[in-house]
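Reader: Could you show me how to read a few features of a model? I would like the general idea and then the case at hand.

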Amino acid sequence: MNFLKKILMLGMLVAFAPLSQAELTIDITESSDSGTPVAVVPFASSGAPVDVSSVINADLARSGYFKMLAEQTMRSRPSSASAVQFPEWQALNQNYLVVGQVGGGAGGQYNVQFQLLDVLKSSQLLGYQMNSSAADLRRTAHQIADMIFEKLTGKKGAFSGRIAYVTNNKQQSQLQVADTDGFNPQTIASSQEPLMSPSWSPDKSKMAYVSFERKTAAIYVQILATGQRKRVAEFPGINGAPAWSPDGNKLALTLSKDGSPDIYTLNLMTGALTKLTKSYSIDTEPVWSPDGGSIVFTSDRGGKPQLYKVSSTGGGETRITFSGDYNARASFSPDGKSIAMVHGNGGDYRIGVMDVGSKSINVLTTGPADESPSFAPNGTMVLYATKKGGTAYLSAVSLDGKMQQKLAFSNGGVREPAWAP
Amino acid sequence: MKLNKLLWVLLVAIFALSGCSEDEATDGLNAGQNAASGINDASTSGLNGASTLSGMAGAGYTGVTGNNSFLGPEFTDPNNPLSRSTIYFMLDSSEVQPDFIQVINAHAKYLVAHPNQKLTLEGHADERGSPEYNIALGDQRAKAVAGMMKAQGVSDGQLTLISYGEEKPAVFGSDEGSYERNRRAELSYQR
């Protein structure tokens with residue numbers, strides 16, 4: 001029977017490799033040397049299906065804030081604070097140490113314990129015990145990374161969040177949701193016609209997106225838990241670029257039913273449609289300021305695409321970007337102080353982040369085909385789509401530009417990332 | 001040999017099983033322990049292709065269609081401008097270039113002479129820049145062609161406009177030659 005099981009396992013590997021949902025893989029392409037030294041000791045574990053400590057280690061590593069100690073450099077592997085020889089870690093120039101263990105396993109239920117230790121003070125900063133089903137072990141590991149990140153930086157962690165993105169190959173377009181490290185991808189919609197522009201509702205329970213499945217452009221709002229959805233806009237012409245208002249009651253969107261593409265808001269409760277811009281040029285890609293008071297959008301009314309601002313009830317249109325010949329697809333930082341955008345010069349498109357106060361733009365990426373920026377909910381990173389060597393993939397960059405990671409898809413292109421708020 | 005056979009049977013069984021479960025598993029989002037995050041248990045039916053996404057029977061990606069030959073020999077005669085069904089544009093522009101005016105005029109004339117004939121104008125963009133901005137650009141391109149046709153007497157009801165932006169490239173490639181072939185409006189007569 002054991003032998004049979006082994007064959008079954010082998011069979012699964014062989015059969016699943018080419019068949020299973022292609023997953024994202026992460027490579028850290030540029031890392032920071034200046035981060036705070038942290039050691040995550042491999043957790044003691046007896047047969048847990050997920051290597052919890054390596055998930056934590058990878059999360060902290062790709063945040064750009066920490067310099068992680070390589071496992072082979074460690075001289076001991078304590079699994080609880082009581083077994084830690086602090087001088088040993090001080091000698092390795094570590095500031096912080098994470099130890100822990102994964103116990104249980106009966107009935108697929110595990111118990112994860114971890115401690116975050118201050119090496120210099122030989123003291124404990126955090127210590128928790130969490131129960132987790134086998135299926136939730138990765139999520140638990142991400143939550144632990146969030147807790148450690150917050151304790152050490154004062155900023156909320158974003159590792160246990162989710163990202164949405166669109167995958168394309170010649171046959172199919174799929175809208176997927178995955179963990180921030182690309183694991184657990186789930187397809188929430190697929191069509192042989194293009195799917196575009198996923199936008200999370202502020203409470204993360206719904207997704208708005210564009211689908212061409214009926215051979216016209218239409219905007220749908222889908223409840224993620226049930227898969228139920230509603231077509232909320234299908235006017236003649238463009239139905240595009242949906243963006244949720246911070247209160248979750250409205251969508252800003254682009255319609256071209258009156259001629260040129262204009263910005264509208266759609267009240268999802270009443271169905272009331274309000275036209276905000278009326279220029280004869282392209283107005284599109286609306287995004288709400290976090291306070292809900294204004295909407296930033298892309299317009300070529302000045303000849304080239306630039307970002308403009310309009311009151312969310314209409315009126316007061318003003319241009320807000322002035323450097324570069326292409327500034328488009330704004331994404332607000334959660335605190336409203338920065339706007340990420342596609343910043344183009346002479347056919348080279350990079351991700352720039354503008355300080356809303358000073359209007360100065362800091363270019364974070366190297367181009368030449370970077371697009372669709374989306375801020376992490378803690379404002380520390382920007383996720384975007386790029387293309388090199390004919391392959392479309394996602395990349396995340398820290399706000400200082402020092403940390404770059406690549407989220408590649410094993411088959412076909414991946415585009416239009418949206419980090420869940 | 002026996003082992004091989006067993007392995008095969010298992011593989012086929014797993015293959016079949018995984019095929020079924022995949023469909024059901026992708027229905028909604030699974031419940032994490034984060035029920036509070038708003039993504040809840042979705043063991044019941046969620047969105048799934050076939051049933052709810054009806055009407056998307058797949059034409060797939062068409063590329064440069066230009067296949068209006070069912071209308072008659074003039075649409076395949078390379079000396080007739082009606083044989084050309086793709087209008088190309090400059091970077092970030094929806095202005096019709098002089099080369100294509102003759103082509104658009106020929107199609108306009110045909111539509112005026114055949115008032116029951118309907119034409120779909122698909123606007124497209126190259127992959128550079130922002131996807132939704134490119135949808136807008138494709139829309140402007142289709143409208144530029146439509147505007148010229150309407151000026152010559154083609155009725156609104158004869159034209160259907162749609163922009164696919166950069167979503168349906170004619171050519172998959174990231175070079176100037178591919179970009180040029182992807183910045184286009186395609187004219188397809190409805191059967």
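Reader: How much surface does chain B expose, and what share do carbon and sulfur atoms supply?

Author: Accessible areas come from the Shrake-Rupley method with a 1.4 Å probe, and for residues only the protein chains shown count as cover. Chain B exposes about 9200 Å², with 56% of that supplied by carbon and sulfur atoms. This is a predicted model: local features need pLDDT of at least 70, side-chain atom pairs count only at pLDDT 80 or more, and totals for chains, interfaces and linings use all residues. Residues are numbered from 1 along each chain as its sequence is written, chains are lettered from A and ligands numbered from 1 in the order in which they are written, and side-chain values use heavy atoms, leaving out hydrogens and water.

Reader: What percentage of the residues of chain B count as buried?

Author: Buried means under 20% relative accessible area, exposed over 50%, and partly exposed in between (1.4 Å probe, protein chains only). In chain B, 51% of the 191 residues are buried.

Reader: Which elements make up the secondary structure of chain B?

Author: Helices (H or I, at least four residues) and strands (E, at least two) are DSSP runs, numbered from the N terminus. Chain B has 5 helices and 4 strands, in the order α-α-β-α-β-α-β-α-β from the N terminus.

Reader: Which residues of H3(B) are buried, and what do they pack against?

Author: Contact means heavy atoms within 4.5 Å. The buried residues of H3(B) include B:Val103, B:Ile104 and B:Tyr110. Strands S1, S2, S3 and S4 and helix H4 of chain B are what the buried residues pack against.
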